[in-house]
Amino acid sequence: MATSEAKNERRRRTELLQFYGGVSKEDTPYNINSKHFNHDMYVQKTIKESSLKQLLEHEAQMVSEIQTLDSDCQTLVYDHYDKFIAAADIVRKMKEGSVKMEAQITRLQENMGRITASSTSITSALQERRGHLSRLLGVHGTLRKLEFLFHLPQKIDECIADKNFTEGVRSYVETAEVLHRYRHMPSFNAIHDDCEAAVGRLNLALKEQLALKEGSARHLTECVDLLLQLGEPAEGLCDDFLAHARTKLEDDLSNLTKLAEAAVILEEDEALSQGAGEETTGPDHTKEQPSQEETGEEAKLECTTVDILEFVDICHETFVGNLWLVISSYKEMFLRSPEEGGRSSSVALEKLRVFVAGLVEQYVAVVGVRVTAEPDTAHYAPLTTALDKFHRRLHAITQLLPNTNFGDAALSLVIEAGLARCQSSLSALKVELAFSLGDVRHALAAPRHLTQDGTESTHRQLNEHLTRLVAATAASIKERVTALQAFTQPKHTFAVRAEFRRRFCRELVREGVVVAFFLHITDTMLQFCHKKDKDPVLLLLLSRMCLDLHTSTVHYLLSHCDEQLQLEDKTGLTQLHTITDGMREAGQKLLNHYVHTQGASISQMLRRSVELKDWLGCGEPRSVRRVMRTVLDEICTMDTQVGALYEEGNRRDRSSDSSRRTFHSVGASRGGAGGRSAWSSYTPSQLDNSLVANLNKLWSERIEIFAPVEFTRVSILTGIVKISLKTLLESVRLRTFSRFGLQQVQVDAHYLRTYLWSYVADEHVLNVLLDEVVTSASVRCCDPELMEQRVVEFICDQS
């Protein structure tokens, strides 16, 4: 059993050693560093496994290792030998020093024994006199104190003369308890009375120092602190302290007010000088050059005027710094803990709050004057930085004085400054819009140079004007929004307050600038609809501008504004469709006004041509009247202008079916020129004027002349044509015609029918109106007889 257990133990140990790499590599006979190394076996194994070259290399390696080991051994021996020699020297020196030290220690022990004996003898001899000396020293100290008390009134007077009030108060405070304790003794009573008189004079001198206006806040604090140490009632000192502090702080406010008013005056002078510079004409040197006195005043004013950042820093160095010191000193002197102060501390705290609130209100008003005087530029970073400093410092005063909130007053001023900048931005946007519209009006009114391709030239010019106008409007809005973003920078303490972001970002910038400007654009466009002297091309251009704003520009600019201002909650804000619907409505009214204006222009030509012609005495028609060719030229020009801005639109296909006409034959197209009239199917003997008129009214659809037009080319031209032909119809109904007059109307109507069909959306409307014109002329004709259709076509072709 024992043998088997031993075998198992050896087997387990062998497995563990093999697993951890112990026996197989370190304890083999072939390991030169192992204790089981066998040189014969190692040599035989090496010779058997290595080549001659490897053997030579191995030999050289082993020789090198042997030399290295030998050198290391020699070095180790030398190092140990040197250390041994050094240790031996140290031991020898210690032995020599210990001998000398033993002799010195012996002498020291003898000296200490003699000193102890002398001290014992002296103590024994002076034991009786020690108590007497102690009593004498006590008497000496008491006499020095009495001497100090006797000279205390004189010392207090000397401190008053030298204005060393701190030393005088300290001397009295240190001795006051002793004087009060022994005042029942006659000698101390006299000293007490003299000291009280001197303290009264000291108290009076301190109050005189307190009343000095030129004293600093620190000096004022020292005087009040000394008076409190002298036992002066704190309630009266509160009022005196605040009264004298108010004088100094109001002086600071007065100086700041002068700086602010100087900036206001300078701003007004610059505005007046700019206005005078614009109005002045001619080299009048007496008006342009100011007098020497005015020049001196302006130079002085420039010297006293500081920018907004420097102004706020001056406020901090003077008023705010002094106010901070006053509050800190007041709290340290008069505001004790509630357990110590009780009701008096509460009253003193309320006095301080009222005092600080009144001064801060005046300070905010002064800063508001300076902020108002700041010139309005497109770069608001200096202004917002100054407002941030102003807000932070007032907020710090709030933290210094509990239960107050001066940060709200500062925030109100910041919001007022933002409101002023938003209003100026809106005004600037309105001015820029007016300038842009003025430039466009001047460009449209300028004489145009004829080119080989007038259509492309008109397209390019109107598109350039439209693009420039819309781009300038969008760029102006983006520029103003970017400039106003200076108020919302995260580095500003007021910008992170929810109240400011709600008021400024939502109400002032988005609603007060962007939305308000869009509404102003809408109102401006609507104003053009009520003016009759405007260029019709300008109306057309503005209608297209409103359409572009409605389609994409307003959405893009409003989204850009919301993104820049980080407006996620849009509850209560003006919705996009409200603005776009207004834009579309304004564009529709402008387009309708354009159609009415152009229709009235052509109608005037047609009406005058009908009114001025002698229809009863005219001869047989040989050509189309000139006014009809002029009307076609005008409509062609309008078509070019409208086509430059609007798409073609949907057009109803021309019908070749004669059954769709009011009469039995409108006629087929002649070479694509236009349909024949129903009058061509009747001979003069078959014509019954009243019957034709009644049939026209019975079967024709009702045509709305002044209906709103669509934002397409054919719809706009159709509206103009309808107004023109309706005017021609009404003018014809008021005249009386001869047979040749009726035939002239027939020729003119066929000419218009031939060429106007390409400008209208529905040829049926054109045919109905022209048929009514011919019908009305026949009704008003004394001898109604129409011309043969082939003759009419021939005359129109020749024209």
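1. Cys561 in this predicted model is a buried residue, with a relative accessible area of 0%. Its sulfur has no bonding partner, because the closest cysteine sulfur, in Cys505, is 8.7 Å away, which is too far for a bond. A disulfide would need two cysteine sulfur atoms within 2.5 Å, and the structure as a whole holds 0 disulfides. Cys618 is likewise in no disulfide, the nearest cysteine sulfur being that of Cys781, at 9.4 Å. Cys618 counts as buried too, at 12% relative accessibility, since the limit for that label is under 20%.

2. Turning to the overall fold, the protein has 25 helices and 0 strands. Of its 799 residues, 39% are buried. When contacts are counted between residues at least 6 apart in sequence, 78% of them join residues at least 24 apart. The exposed surface of the protein comes to about 46300 Å², and carbon and sulfur atoms supply 53% of that area.

3. Which residues have the most contacts inside the largest nonpolar core? They are Leu323, Phe355, Val356, Tyr363, Phe518 and Ile716, in a core of 157 residues. Helix α18, which covers residues 536-565, gives this core its largest share, namely 15 residues. To see the surroundings of one of these core residues, one can look at Phe355, which touches Leu242, Ala245, Arg246, Leu249, Leu323 and Val326 when residues up to four places away in sequence are not counted.

4. Gln566 deserves a separate look, as its phi is near 60°, a positive value in a residue other than glycine. Gln566 is found in the loop between α18 and α19, the latter helix covering residues 576-612. Is Gln566 buried or exposed? Gln566 counts as exposed, because its relative accessibility is 61% and the label applies over 50%.

5. A search of the whole structure for aromatic pairs finds 9 of them. In one, the ring centres of Phe487 and Phe504 are 5.1 Å apart and the planes are at 35°, so the pair is described as tilted. Phe487 lies in the loop between α16 (454-484) and α17 (498-528), while Phe504 is in helix α17 itself, so this pair ties together parts that are 17 residues apart in sequence. Both Phe487 and Phe504 are buried.

6. Another aromatic pair, formed by Phe494 and Phe500, is edge-to-face, with 5.1 Å from centre to centre and 75° between the planes. Phe494 counts as buried because its relative accessibility is 0%, and Phe500 counts as buried at a relative accessibility of 0%. Ring pairs link Phe494 and Phe500 with Tyr380, Phe487 and Phe504 into a cluster, so a student following the rings on the model can treat points 5 and 6 as parts of one picture.

7. Two further side-chain arrangements bring a charge over an aromatic ring. The charged end of Arg544 sits over the ring of Tyr646, at 5.4 Å from the ring centre. The charged end of Lys613 sits over the ring of Trp615, and here the distance to the ring centre is 5.7 Å.

Note on methods. Residues are numbered from 1 along each chain as its sequence is written. This is a predicted model: local features need pLDDT of at least 70, side-chain atom pairs count only at pLDDT 80 or more; totals for chains, interfaces and linings use all residues. Side-chain values use heavy atoms; hydrogens and water are left out. Buried means under 20% relative accessible area, exposed over 50%, partly exposed in between (1.4 Å probe, protein chains only). A nonpolar core is a set of buried Ala, Val, Leu, Ile, Met, Phe, Trp, Tyr and Cys residues joined through side-chain atoms within 4.5 Å. Helices (H or I, at least four residues) and strands (E, at least two) are DSSP runs, numbered from the N terminus. Contact means heavy atoms within 4.5 Å. Accessible areas come from the Shrake-Rupley method with a 1.4 Å probe; for residues, only the protein chains shown count as cover. Rings of Phe, Tyr and Trp (its six-membered ring) pair if their centres lie within 6.5 Å; planes under 30 degrees apart count as stacked, over 60 as edge-to-face and the rest as tilted. A charge sits over a ring if NZ of Lys or CZ of Arg is within 6 Å of the ring centre and within 35 degrees of the ring normal.
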